[in-house]
Amino acid sequence: MTNDQPRESFMHQAIALALEKMSAREGGPFGALVIRDGVVIGRGWNRVTSTNDPTAHAEVVAIRDACQQVGDFSLAGCELFVNCEPCPMCLAAAYWAGITTIYYAATRKDAAAIGFADDHIYQEFSLPLAQRAIPMVQLLREAALPAFDAWQAMEDKIVY
């Protein structure tokens, strides 16, 4: 894309999707599109409350949709348009999918102002493990390592 007009059009679509699906009581005010070569290949909206799935954020739903559409777990070369800065989970999903660029409208501070925990979670990740709200306790490391050894030795694994 050589100018911002197509990008703005995709963002307007993500914003409209957020409003449409929120109004339909499918979830919170978030919408996302995955774009490959100027074409929408994935659409997602927040479906947390309508599916009782805390991971059904707009970005994750859009990434899942796009992966199904293209038949691959890699979205390398794709762009993500979302009406709000992604939360840490969604940002991680974008990294795992190989998204090239993320475009967002509202910020995590805007989301915090209406009661969403995005900014709080970002702050939690910067804390040492012992200071986080959710305790993390390591157990049985040595028992877990043989699975990693088996993976490392597997010749026909699909690396991701």
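Helices are DSSP runs of H or I with at least four residues, strands are runs of E with at least two, and both are numbered from the N terminus. The structure you see is a predicted model, in which local features need pLDDT of at least 70 and side-chain atom pairs count only at pLDDT 80 or more, while totals for chains, interfaces and linings use all residues. Residues are numbered from 1 along each chain as its sequence is written, and side-chain values use heavy atoms, leaving out hydrogens and water.

**Exercise 1. Find which face of helix 1 is buried, and what that face packs against.**

Step 1. Start with the helix itself: helix 1 covers residues 4-23, and its 20 residues reach 28 Å from first C-alpha to last. That is close to the expected 28 Å, where the expected span is 1.5 Å times one less than the number of residues.

Step 2. Pick out the buried residues (buried means under 20% relative accessible area, exposed over 50%, partly exposed in between, with a 1.4 Å probe and protein chains only). They are Arg 7, Phe 10, Met 11, Ala 14, Leu 17, Ala 18 and Lys 21.

Step 3. Now look down the axis of helix 1: these buried residues fall within an arc of 115 degrees, so they line one face of the helix. The arc is taken over the directions from the helix axis to the C-beta atoms. An α-helix has 3.6 residues a turn, so residues three or four places apart point the same way.

Step 4. Check both sides. The buried residues pack against strand 1 (31-36), strand 2 (39-45), strand 3 (79-84) and strand 4 (101-106), with contact meaning heavy atoms within 4.5 Å. On the other side of helix 1, Gln 5, His 12 and Ser 23 are exposed.

Step 5. Walk just past the end of helix 1, and you meet Arg 25 with a positive phi of about 65 degrees.

**Exercise 2. Trace the salt bridges that involve Arg 108.**

Step 1. Recall the rule: a salt bridge is a side-chain nitrogen of Lys or Arg within 4 Å of a carboxyl oxygen of Asp or Glu. The whole structure holds 6 of them.

Step 2. Take Glu 85 as one partner of Arg 108, with the closest N and O atoms 3.9 Å apart. Arg 108 is in helix 5 (residues 108-113) and Glu 85 in the loop between strand 3 and helix 4 (88-97), so the pair ties together parts 23 residues apart in sequence.

Step 3. Turn to Asp 119, which meets Arg 108 at 3.4 Å, N to O. This pair links helix 6 (residues 118-125), home of Asp 119, with helix 5, 11 residues apart.

Step 4. Compare accessibility: Arg 108 is partly exposed at 23%, Glu 85 is buried at 15%, and Asp 119 is buried at 9%.

Step 5. Put the picture together: Glu 85, Arg 108, Lys 109 and Asp 119 are linked in a network of salt bridges.

**Exercise 3. Decide whether helix 7 is buried or in the open.**

Step 1. Helix 7 runs over residues 141-153, and its 13 residues reach 19 Å, close to the 18 Å expected.

Step 2. Count its buried residues: the number is 0, so helix 7 lies largely in the open.
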